Amino acid sequence: MEIGWMHNRRQRQVLVFFVLLSLSGAGAELGSYSVVEETERGSFVANLGKDLGLGLTEMSTRKARIISQGNKQHLQLKAQTGDLLINEKLDREELCGPTEPCILHFQVLMENPLEIFQAELRVIDINDHSPMFTEKEMLLKIPENSPLGTEFPLSHALDLDVGSNNVQNYKISPNSHFAVLTRERNDGRKYPELMLDKELDREEEPQLRLTLTALDGGSPPRSGTAQVRIEVVDINDNAPEFEQPIYKVQIPENSPLGSLVATVSARDLDSGANGKISYTLFQPSEDISKTLEVNPMTGEIRLREQVDFETVTSYEVDIKATDGGGLSGKCTLLLQVVDVNDNPPQLTMSALTSPIPENSPEIVVAVFSINDRDSGENGKMVCYIQENLPFLLKPSVENFYILITEGALDRELRAEYNITITVTDLGTPRLKTEHHITVLVSDVNDNAPAFTQTSYTLFVRENNSPALHIGSVSATDGDSGTNAQVTYSLLPPQDLHLPLASLVSINADNGHLFALRSLDYEALQAFEFRVGATDRGSPALSSEALVRVLVLDANDNSPFVLYPLQNGSAPCTELVPRAAEPGYLVTKVVAVDGDSGQNAWLSYQLLKATEPGLFGVWAHNGEVRTARLLSERDAAKHRLVVLVKDNGEPPRSATATLHLLLVDGFSQPYLPLPEAAPAQAQADLLTVYLVVALASVSSLFLFSVLLFVAVRLCRRSRAASVGRCSVPEGPFPGHLVDVSGAETLSQSCQYEVCLTGGPGTSEFKFLKPVISDIQAQGPGRKGEENSTFRNSFGFNIQ
């Protein structure tokens, strides 16, 4: 079969099945069928379905078809009925020549499951050719003194038919001198010889004309005729005689033209013209006439045309030696053609499947047959493919092989195989044939998308613009085509309270992530979610990865002063005894920053002071202390402006105003500041309050201790878990209540700030710790206990 034909065939077939060579039916013999030559095309030969024991539909479903050697399809199979029909009119003489019987071998291939049946078709000869003589007129010169019974060979007739339809008998026209005898050669051919029945007399009858008729054995018989002209010559006492009656020679089939086959030699005892011998081929067939030639003078027989063992294995021909007097003798040349390894093996591809699916074991890839026209060792063959390939060659019926996969293939490891099928004979030298096929492996969706990272960490600075691209995820799929096309999606968050759909979105095609809205670090520092990657195979495969988004802080919050209160009401005044030593803790400016990191690192500095050099502010904790000893000359009232600045870029700041009053041992009546002019009418009443407050310091301290214990027990859980303080309603913004992350100080603490209840002043009255560790600053400095801070602050405003 031609490769082009196979290409068209394999477009209509899918040979995906398991090889079942162990089945009893594989390689079975169907038997022999026969058909008479010249039968019309489409004629019925046999019903293969019945012979195989298959139903009408089974032949079609199993995809049965006929495979023949060579380029011609002599038979066709009607799969619907199982009938074997003649595909073209058969000429036995053209198919087999003189070979009898004429056998055409073919195979029946069923693909699903795979079975191959051997069968043969015998073409029966009919008598459609008449005998024909190569010479229409034969000339014999017979001496008049030839003894009775002398035989004279005549040219034989040729008949293309075989067996009984070939030449069977010869007849001669009625005459008084000669009869014809029918002789048979070793190869079965019959030839005539003329036998002398009555003496010749040249003087009475110098020439005779006879008609030779060749009859075949057909019914009715066919015949052919030739004329025999006999000239009666004078006496020639001695006829030529060959040295040996039979010459047996062998010659290799690759002998060049002109090669010497044999040299025949005859002698004649006569002298002169009667002893001069010439050699000729006697009654050669057409093939012999084309193949051999004899030198009439020397008797050398040489090749006129190259011989081919695969076409003709032997030749038999008579050599005639004739002297000058017309007498002749003959010998027989038996020429045996010796086979040489001059034909490489041939490979015929019957079926080829490509592509084949991955992950499927033992897939039939190809079915093919091999053939070598040589004989003996020259015709024996071995078939193999290259090593290190996941394929196996398995022999089937005679000279048929099946190429199958050794196991399941993986397209991701290798998607294409170039297979070379090598067929080598065992002759000398060895000849080989290589046939190249390409097998593609089709993809199956067996690989899930794989992310380049198991988790991704993305950073985005707060106050970002909406729809900002914040990063990407990427996944690859080892498959191909639609099986490798990846779609990205957001998976439902594990935290049901996380509004993921309003925070981020993902591009389904490329995995780009976008922030949907502006993020606020103070509200949300970090969140995480899972993204999925799904291919478009069937069934679809998917994988997931974790994405963690960290919001980076921006310096978008200014410091906020918690103490002293900067709410526009009458400021509260800090009392400083004139006996205070240098470094005395007057008060502490407490501020927080909603940012984090260095954006929340606060520093304090004295911006303005009524009397520079008298008070100082510690830069890191905001403590206001005396810078020197106080004297009577120092003014009683002082106003300080403290600048609180963060460490952001650019830095943000706030100011706090402090009012200080120098008193003698806390017994001096409270003097209002000039800025408290609207409250001057109540000065006397406030003085009384101050005296009462100073007198109650000891009792209040004891009360503070008791209150500390009670609040500690009641608020332990809330203070320990989040360190948050709540401001019910007051002048402080609610979002500044959480100061646990402000990083201004190192720990959490709660304070209560007491203000006077009068509607006119609302002045600061007392600052006492509710939850704190109070450390004394040294002997004799109890006034500092209520003002010493080393923790972060949350406030309850009463």
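In which strand does Ala351 lie? I began my notebook with this residue, and I keep in mind throughout that the model is a predicted one.

**Entry on Ala351**

I looked up Ala351 and found it in strand β26, which covers residues 346-352. Its relative accessible area is 0%, so I wrote it down as buried, a word that applies under 20%. I then looked for a partner from another part of the chain, and I noted that the C-alpha atoms of Ala351 and Leu109 are separated by 9.9 Å, although these residues are 242 residues apart along the chain.

**Entry on strands that pair**

I next followed strand β41 (residues 526-535), which is joined to strand β38 (residues 486-490) by 5 bridges, with the two strands running antiparallel. Within this pairing I found that Tyr488 has Ala533 of β41 as its bridge partner. On following Ala533 further, I saw that its bridge partner in β42 is Ser543. Strand β42 (residues 542-552) runs antiparallel to β41, and 9 bridges join them; I also noted that β41 and β42 form a hairpin, with 6 residues between them.

I then turned to strand β50 (residues 637-645), which pairs with strand β47 (residues 603-609) in the antiparallel sense over 6 bridges. Here I found Tyr604 standing opposite Val644 in β50. Strand β50 also pairs with strand β51 (residues 653-663), again in the antiparallel sense, and I recorded 9 bridges for this pairing. In it, Arg639 stands opposite His659 in β51.

**Entry on salt bridges**

How many salt bridges does the structure hold? I recorded 27 salt bridges, and I looked at some of them one by one.

I went back to the hairpin strands for one of these, where the side chains of Arg548 and Glu528 meet in a salt bridge at 3.2 Å, N to O. This pair links distant parts of the chain, since Arg548 is in strand β42 and Glu528 in strand β41, 20 residues apart. Arg548 is partly exposed, with a relative accessible area of 31%, and Glu528 is partly exposed as well, with 39%.

I also noted a network in which salt bridges that share partners join Arg92, Glu93, Glu100, Arg122 and Asp125.

Arg411 forms a salt bridge with Glu412, and the closest N and O atoms are 3.2 Å apart. Are these two residues buried or partly exposed? I found that Arg411 is buried, at a relative accessible area of 13%, whereas Glu412 counts as partly exposed, at 24% relative accessibility. I also looked up Lys190, whose side chain meets that of Glu184 in a salt bridge of 4.0 Å, N to O; Lys190 is buried, with a relative accessible area of 18%.

**Entry on aromatic rings**

I kept one general point in view here, that a pair of aromatic rings is described by the distance of the centres and the angle of the planes. The count for this structure comes to 7 aromatic pairs. Why is the pair of Phe242 and Tyr279 called tilted? Their ring centres are 6.1 Å apart and their planes stand at 55°, so the pair falls in the tilted class, which takes in angles that are neither under 30 degrees nor over 60. Phe242 lies in strand β17 (residues 241-242) and Tyr279 in strand β21 (residues 278-282), so this pair ties together parts that are 37 residues apart in sequence. I found Phe242 buried at a relative accessible area of 13%, and Tyr279 counts as buried at 6%.

I then looked at Phe451 and Tyr456, which form an edge-to-face pair, with 6.4 Å from centre to centre and 75° between the planes. Phe451 counts as buried at 14% relative accessibility, and Tyr456 is buried with 5%. I noted that Phe451, Tyr456 and Tyr488 form one aromatic cluster, and I had already met Tyr488 as the bridge partner of Ala533.

I also looked for charges over rings, and found Arg185 over the face of Tyr191, at 4.2 Å from the ring centre. The charged end of Arg625 sits over the ring of Trp618, 4.7 Å from its centre.

**Entry on the surface**

Last, I looked up a nonpolar surface patch of about 360 Å², which is made by Phe701, Val705, Val709 and Leu713. Leu713 lies in helix α8 (residues 697-714), and I recorded Leu713 as exposed because its relative accessible area is 60%, where exposed means over 50%.

Terms used. Residues are numbered from 1 along each chain as its sequence is written. This is a predicted model: local features need pLDDT of at least 70, side-chain atom pairs count only at pLDDT 80 or more; totals for chains, interfaces and linings use all residues. Side-chain values use heavy atoms; hydrogens and water are left out. Patches are made of residues with over 30% relative accessible area and no salt bridge: like charges are joined within 9 Å, nonpolar side chains (Val, Leu, Ile, Met, Phe, Trp, Tyr) within 5 Å. Accessible areas come from the Shrake-Rupley method with a 1.4 Å probe; for residues, only the protein chains shown count as cover. Helices (H or I, at least four residues) and strands (E, at least two) are DSSP runs, numbered from the N terminus. Buried means under 20% relative accessible area, exposed over 50%, partly exposed in between (1.4 Å probe, protein chains only). Rings of Phe, Tyr and Trp (its six-membered ring) pair if their centres lie within 6.5 Å; planes under 30 degrees apart count as stacked, over 60 as edge-to-face and the rest as tilted. A charge sits over a ring if NZ of Lys or CZ of Arg is within 6 Å of the ring centre and within 35 degrees of the ring normal. Two strands pair if DSSP finds at least two bridges between them.
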